[in-house]
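This briefing covers charged pairs, nonpolar packing and surface character. Please consult the sequence and the structure shown below while reading.

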Amino acid sequence: MTDKTLTRMDLSEAVFREVGLSRNDSAQLVESVLGHMSDALVRGEQVKISSFGTFSVREKAARVGRNPKTGQEVPINPRRVLTFRPSHLMKDRVSDGNRK
């Protein structure tokens, strides 16, 4: 594994090279797509990208946790968490990458 991280800039550069839009238009396109995805998730909708996976928001109920240092019980408030479930194609692709 590498320590490389794919960034927004990397994505917009890839759009620039492969689609042929200007660098500004490529950056705006990436920002627009990510914005639409974020807005849908905030509304509680799923974001499904074929052959990649599904992002969704899950409601977690309130519960009692425990401080690992002291053992003291601590209330944990209800919250919304973002989850990602990769598609089978993505799982297979990542798994195949481990064999190389």
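Are E73 and R66 buried or exposed? Both residues are exposed. The model under discussion is predicted. The structure contains six salt bridges, and three of them are described here along with a nonpolar core and a surface patch.

**Salt bridges**

- General background: side chains of opposite charge can pair when their charged atoms come close.
- E31 pairs with R8 in a salt bridge whose closest N and O atoms are 2.5 Å apart. Because E31 belongs to helix α2 (residues 23–42) and R8 to helix α1 (residues 8–19), this pair ties together parts that are 23 residues apart in sequence.
- E31 is partly exposed, at 38% relative accessibility, and R8 is likewise classed as partly exposed, at 47%.
- A salt bridge also joins the side chains of R43 and E45, with an N to O distance of 3.0 Å.
- In this pair, R43 is exposed, with a relative accessible area of 54%, whereas E45 is partly exposed at 37% relative accessibility. The two residues fall into separate classes because exposed means over 50% relative accessible area, and partly exposed lies between 20% and that cut-off.
- R66 and E73, the exposed residues of the opening question, form a salt bridge in which the closest N and O atoms are 3.4 Å apart.

**Nonpolar core**

- General background: in soluble globular proteins, nonpolar side chains tend to be buried together.
- The largest nonpolar core has five residues, namely M37, A40, L41, V47 and F55.
- Helix α2 supplies the largest share of this core, with three residues.
- Leaving aside residues up to four places away in sequence, V47 touches M37, A40, L41 and F55, and also G53 and T54.
- The core members M37, A40, L41 and F55 are thus among the contacts of V47.

**Nonpolar surface patch**

- On the surface, V19, L21, L29 and V33 form a nonpolar patch. Together these residues have about 310 Å² of accessible area.
- One of the patch residues, L21, is located in the loop between α1 and α2.
- L21 is partly exposed, with a relative accessible area of 30%.

**Points to locate in the view**

- Which helices does the E31–R8 salt bridge tie together? The pair links α2, where E31 lies, with α1, where R8 lies.
- Which residues does V47 touch outside the nonpolar core? These contacts are G53 and T54.

Note on methods
Residues numbered from 1 in each chain as written. Predicted model: local features only at pLDDT ≥ 70, side-chain atom pairs only at ≥ 80, totals over all residues. Heavy atoms only, no water. Salt bridge = Lys/Arg side-chain N within 4 Å of Asp/Glu carboxyl O. Helix = DSSP H or I, 4+ residues; strand = E, 2+ residues; numbered from the N terminus. Buried < 20%, exposed > 50% of the residue type's maximum accessible area, 1.4 Å probe, protein only. Core = buried A, V, L, I, M, F, W, Y, C linked by side-chain atoms within 4.5 Å. Contact = heavy atoms within 4.5 Å. Patch = residues over 30% accessible without salt bridge, like charges linked within 9 Å, V, L, I, M, F, W, Y side chains within 5 Å. Areas by Shrake-Rupley, 256 points an atom, 1.4 Å probe, with all protein chains shown as cover.
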